[in-house]
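Trainee: I should like to take a close look at one part of this structure, namely the helix that takes part in a packing contact and in the aromatic pairs. Could you please describe that part for me in one connected account?

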Amino acid sequence: MSYFKWASDMVIDDGPIDQDHLHLVQLVNDLHSATSEGQGKEVVGQILDQLLAYTAEHLSREEQLMRAAGFPNLERHQQGHAKFIAQLHALKQRYDGGSLAVAAQLSAVLRDWLSLHIRRSDKELLAYLKQKSQR
């Protein structure tokens, strides 16, 4: 049973954005499985590193799409993205410092944030793009 399930209301473009999201969902599930199964710090650390890097890459791609589309709320989204990345790095530092409980906390933070991010922020972008294409 998956920790984080993909749902139809999370579909944005049936393309690259959804592929990014699906990859992030899989990484969150991998992290949760690794921590639940008590896998070694090295395994969990590698998954955390992948999650942090891929999350940053994905958000950068989203911002490029927003910029190219003339999305009016780009700055607000950039601020939210930066705040989230900082939060992830702070949790990763705690994990690197020996706090094993942080990995489980991080999987919950990522799951909850990603779910809300897709269902709210990305849907806002989708609505803007649809409206723009109808002009």
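**Helix H4 and its partners**

Mentor: The crossing of H1 and H4 is left-handed. This is a predicted model. Helix H1, residues 16–36, packs against H4 at an angle of about 160 degrees, and the two axes are 9 Å apart. Because angles over 145 degrees count as roughly antiparallel, H1 is described as roughly antiparallel to H4. On the H1 side the residues in contact include Leu24, Val25, Val28 and Leu31, while among those of H4 are Leu106, Leu110, Leu114 and Ile118.

Let us turn to the aromatic rings, of which the structure holds two pairs. In one pair, the ring centres of Phe71 and Tyr128 are 5.4 Å apart and the planes stand at 75 degrees, so the arrangement is edge-to-face. Tyr128 belongs to helix H4 (residues 101–133), whereas Phe71 lies in the loop between helix H2 (41–69) and helix H3 (74–96); the pair thus links distant parts of the chain, 57 residues apart. Phe71 counts as buried because its relative accessibility is 5%, and Tyr128 counts as buried at 13%.

The other pair is formed by Phe84 and Trp113, whose ring centres lie 3.7 Å apart with planes at 10 degrees, so this pair is stacked. Since Phe84 is in helix H3 and Trp113 in helix H4, the pair ties together parts that are 29 residues apart in sequence. Phe84, at 3% relative accessibility, also counts as buried.

Key:
Residues are numbered from 1 along each chain as its sequence is written. This is a predicted model: local features need pLDDT of at least 70, side-chain atom pairs count only at pLDDT 80 or more; totals for chains, interfaces and linings use all residues. Side-chain values use heavy atoms; hydrogens and water are left out. Rings of Phe, Tyr and Trp (its six-membered ring) pair if their centres lie within 6.5 Å; planes under 30 degrees apart count as stacked, over 60 as edge-to-face and the rest as tilted. Helices (H or I, at least four residues) and strands (E, at least two) are DSSP runs, numbered from the N terminus. Buried means under 20% relative accessible area, exposed over 50%, partly exposed in between (1.4 Å probe, protein chains only). Axes are lines fitted to C-alpha atoms, for helices over the stretch in contact, and angles run from 0 to 180 degrees between N-to-C directions. Angles under 35 degrees count as roughly parallel, over 145 as roughly antiparallel, 65 to 115 as roughly perpendicular and the rest as oblique. A crossing is left-handed if the near helix is turned anticlockwise from the far one by less than a right angle, and right-handed if clockwise. Contact means heavy atoms within 4.5 Å.
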